[in-house]
Amino acid sequence: MSEPSPSDILWNYLAFVVGGVSGILLFLLVGAWYGPQTLGVFNKVFAMYMVLSQVAAFGVHLSLLKHLAEAPPLPSAQSAVLRGGLCALVPSALSVPLLLALAATPVGLLLRSQETGTGLLFVAAGLTFFALNKVLLAAQNALSRFRLYAVGNCLRYVFLLLALLGHFLLGFAPHSLPVIFPLAEGVLSLVLIKDLLPLLMTSPHARGASESPHNSVRSWAREHFQFGFRAVGGNIMLDLNTRVDVLCLAAFTDDATLGIYSMAAILAEAAYQLPLVLQVVYTPKVVHMLQHKQKEELRDFIRNVRRPVW
């Protein structure tokens, strides 16, 4: 496996900049066009949406990142791993949105905000697409398609901005604003699926493919589910760590106060995301070296990338 080139890192940093600026602009425009109360509801719903997206993905994207990077460079073998990941995703990607839709109204009553309950109903429709996109982007990362990965992450925020602009120009009511999340994620799913469709259409049992039972889609689905079960808790806590302030304030303050606080929280989260760019481009290389027990090479690799990380 080739080491990520400087251009790969640059593409991901550019995507981070575009996505970060778009994300900040998204919240600024919501506040400017709809006021602090709507911004507070929007950020509250967004925080729940991000945390629940980890539950809906169920750690399958992390398993796919590991196992697809380890898979032999044969389309049939890679197809089996990817198809297995999509099969493992189905139970959580369908059940979590359904449970959220059922709980939306009670949560709105609990938080004394009918708008929050309505917003959760809208984002419930987007959770399935969000979980799917996590898996599809992890596949791009594992296959070392770093530029496509960067573009996919960037497009999420571009689509959100376009959906927000359309919502504003068409004059829809503020309480329906969270509908931009399922719209943006749904369009992004179409883009990502189109790129991975040739690999998905490759039969795992094509000529030259391994006859091992572990090469079957069912075996990989089981492996992804078990891996995800072990990983999902830590991933939920990681997202909660950056959203717990918003969720706690949602229980004790009104929507307008939360909206004002949201502006500072956005900038803090943008700074937190910076080191993740290098994590993205180096993960497939590290997985490959760990798989082949290349300890000396891994030690040299860590030494070489230590400076840019700091």
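Reader: Let's start with one residue. Which helix does Q140 lie in?
Author: Keep in mind that we're looking at a predicted model. In this model, the place to look for Q140 is the stretch of residues 114-142. That stretch is helix α5.

Reader: Is Q140 buried or exposed?
Author: The relative accessible area of Q140 is 1%. Buried means under 20%. Q140 is therefore buried.

Reader: What is Q140 in contact with, once its neighbours within four places in sequence are left aside? And which side chain makes a polar contact with the side chain of Q140?
Author: With those neighbours left aside, Q140 is in contact with R145, L148, Y149, D195 and L196. For the polar contact, we look at the side chains, and here the separation is 2.5 Å. The partner of Q140 in that polar contact is D195.

Reader: How far apart are the C-alpha atoms of Q140 and A150?
Author: Along the chain, Q140 and A150 are 10 residues apart. In space, their C-alpha atoms are separated by 9.3 Å.

Reader: Okay, zooming out! How many helices and how many strands does the chain have?
Author: Walk along the chain from the N terminus and the elements run α-α-α-α-α-α-α-α-α-α-α. There are zero strands, and the helices come to 11.

Reader: What share of the residues in the chain is buried?
Author: The chain has 310 residues. For its accessible surface, the total is about 15200 Å², and 69% of that belongs to carbon and sulfur atoms. As for the residues, the buried share is 49%.

Reader: What percentage of contacts between residues at least 6 apart in sequence joins residues at least 24 apart?
Author: Here we consider contacts in the chain between residues at least 6 apart in sequence. Of these, the share joining residues at least 24 apart is 82%.

Reader: Can you show me a pair that is distant in sequence? How far apart in space are L161 and L26?
Author: Sure. L161 lies in helix α6, residues 146-169, and L26 is 135 residues away from L161 in sequence. Leaving aside neighbours within four places, L161 is in contact with S22, L25, L26 and L29. C-alpha to C-alpha, the distance between L161 and L26 is 6.1 Å.

Reader: And L161, is that buried or exposed?
Author: L161 has a relative accessible area of 17%. The cut-off for buried is under 20%. So L161 is buried.

Reader: How are α2 and α7 oriented to each other?
Author: Two packed helices are described by the angle between their axes and the distance between the axes. For α2 (residues 36-57) and α7 (residues 180-201), the axes come within 12 Å and cross at roughly 45°. An angle between 35 and 65 degrees is neither roughly parallel nor roughly perpendicular. The two helices, α2 and α7, are therefore oblique.

Reader: Which residues meet where α2 and α7 touch, and how many of them are nonpolar?
Author: On the α2 side we have F42, F46 and Y49, and these meet I180, F181 and E185 in α7. By class, this contact has one charged residue and no polar ones. The nonpolar count is five.

Reader: How many residues of α3 are buried?
Author: Helix α3 is mostly covered and has 11 residues. The buried ones are V60, H61, S63, L64, L65, H67, L68 and A69. That makes the buried count eight.

Reader: What is the phi of F58?
Author: Most residues other than glycine have a negative phi. F58 sits in the loop between α2 and α3 and is buried, at 16% relative accessible area. Though not a glycine, F58 has a positive phi, near 55°.

Reader: R112 has a positive phi too. Is R112 buried or exposed?
Author: R112 is in the loop between α4 and α5, with a phi of about 55°. Its relative accessibility is 63%, and exposed means over 50%. So R112 counts as exposed.

Reader: Which side chain does the side chain of S113 join in a polar contact?
Author: S113 is found in the loop between α4 and α5, and it counts as buried at 2% relative accessibility. Its side chain has a polar contact of 2.8 Å. The partner is T116.

Technical notes. Residues are numbered from 1 along each chain as its sequence is written. This is a predicted model: local features need pLDDT of at least 70, side-chain atom pairs count only at pLDDT 80 or more; totals for chains, interfaces and linings use all residues. Side-chain values use heavy atoms; hydrogens and water are left out. Axes are lines fitted to C-alpha atoms, for helices over the stretch in contact, and angles run from 0 to 180 degrees between N-to-C directions. Helices (H or I, at least four residues) and strands (E, at least two) are DSSP runs, numbered from the N terminus. Angles under 35 degrees count as roughly parallel, over 145 as roughly antiparallel, 65 to 115 as roughly perpendicular and the rest as oblique. Contact means heavy atoms within 4.5 Å. Ala, Val, Leu, Ile, Met, Phe, Trp, Tyr, Cys and Pro count as nonpolar, Asp, Glu, Lys and Arg as charged, and the others, Gly among them, as polar. Buried means under 20% relative accessible area, exposed over 50%, partly exposed in between (1.4 Å probe, protein chains only). A polar contact is a pair of N or O atoms within 3.5 Å; within protein, one must be able to donate a hydrogen and the other to accept it, and residues adjacent in sequence count only if both atoms are side-chain atoms. Accessible areas come from the Shrake-Rupley method with a 1.4 Å probe; for residues, only the protein chains shown count as cover.
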